[in-house]
Every structure is written in C-alpha cells, then in structure tokens.
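Please read this note with the structure open beside you. It is a colleague's commentary on charged side chains and the contacts they make.

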Amino acid sequence: MPKTFEELMRYLGKLEINVSTIRHAPVFTVAEAQELRGQVAGAHTKNLFLKDKKDNFFLVTVDEEAEVDLKTIHTRIGAASRVSFGKPEKLMEYLGLTPGAVSLFGAINDTHHQVRVVLDESLMKHDIINAHPLTNEATTSIGREDLVTFLKATGHEPLILKIDGSIPNL
C-alpha cells in the first residue's frame, strides 16, 4: 500500500527535514501548475517516469521549463536502450503514484529500489525545489540538500546529470 501524505510528512520529520506545503486544486500538467506561480518560491519540477526495453525504470526530474530530448536521454541516464514512458500500473506499483502526481517523493514507496532517480544538474542549482507530496493537490517545498538526504534515506542515490537541452554545454 502506498504511503500517504501524512506518512511522508512523518518520515521527513524523522529525518529532521523541514518542508512547507500548500494545498491547491488538483493539477495534472506543468501548464496547470504554472497558474499557481507566485504562491510558491523556488524551482518547480517536471517529472518523467521512463523505462527502457529491459524494463529498467527511471524517474527523471528537471526544472519545469527544461527541454528533454527523449530520443537521446538514454545515453545520459545509462538506459539499455531508447526509453519510453512507463505505464501507469508500474508507476503505481513502484512509486505509489498516479499520472499527474509524479514526484521525487514517490521514492518513499520504492522499497525494492526498482527506479533509478535522475536529477538535472541545473535544477540542483536552486536552493528550494518544489514537488507534489504524493498527491497533485499540494506542493511541498524542500531544500536542495534535504531532498538529497531524503532520497538517500529511501535508498536512492540520485544521479545528477545535465539533462536540460535548452542550456548549452559550457
């Protein structure tokens, strides 16, 4: 059974991670979530639940404005082949999430470590990162280092890579 919002908040509390959460009407897309800007400071995320042909699963999290090339991302994230979007059934099975609520906080439900977490390096330049707290009816703000602490506590050592194609290589 997937964890609830309340269980996630208790887990973060046990890790001594302070977060702030605002409740809002359900949002299912980045465009809908952008209508809430101004209420929540920090970077806002776009999350891609991906799989390769060998059924390796990845949760790729980038800034909401990032450009992700799905034709070449497999070469960056270590996938065995080109990737496609994971099915909603696997999203629920592994991360306890539904489409529209995909978030890094789903790592709390991946107790068998079936999903590789990939964070875009440009996203990780922000002090505060915002994500759905297992529901698309809220947004939780977490510090960058606290996010990494949370992911590691769930057994997910995040890969931090350049994913955003809109930012040129320096």
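The numbered points below go through salt bridges in this model.

1. Please keep in mind that the model is predicted. It holds 5 salt bridges, and the points that follow take up some of them, together with the exposure of the residues involved.

2. Asp55 and Lys51 are joined through their side chains in a salt bridge, with a distance of 3.1 Å from N to O. The two partners can be described by their surroundings: Asp55 is partly exposed, at a relative accessible area of 48%, whereas Lys51, with 18% relative accessibility, counts as buried, because buried means under 20% relative accessible area.

3. Between Glu93 and Lys90 there is a salt bridge whose closest N and O atoms are 3.2 Å apart. Both residues belong to helix H4, which covers residues 88-95, and they sit 3 residues apart, about one turn of the helix. Lys90 is partly exposed, its relative accessible area being 29%.

4. In the salt bridge of Arg144 with Asp127, the closest N and O atoms are 3.3 Å apart. Arg144 lies in helix H5 (residues 144-153), while Asp127 lies in the loop between strand S5 (115-120) and strand S6 (128-131), so the pair ties together parts that are 17 residues apart in sequence.

5. What is the exposure of Arg144? With a relative accessible area of 21%, Arg144 is partly exposed, because the partly exposed range lies between the limits of 20% and 50%. Asp127, at 54% relative accessibility, counts as exposed.

6. Which residues are linked with Asp127 in a network of salt bridges? Arg144 and Glu145 are linked with Asp127 in this network.

Key
Residues numbered from 1 in each chain as written. Predicted model: local features only at pLDDT ≥ 70, side-chain atom pairs only at ≥ 80, totals over all residues. Heavy atoms only, no water. Salt bridge = Lys/Arg side-chain N within 4 Å of Asp/Glu carboxyl O. Buried < 20%, exposed > 50% of the residue type's maximum accessible area, 1.4 Å probe, protein only. Helix = DSSP H or I, 4+ residues; strand = E, 2+ residues; numbered from the N terminus.
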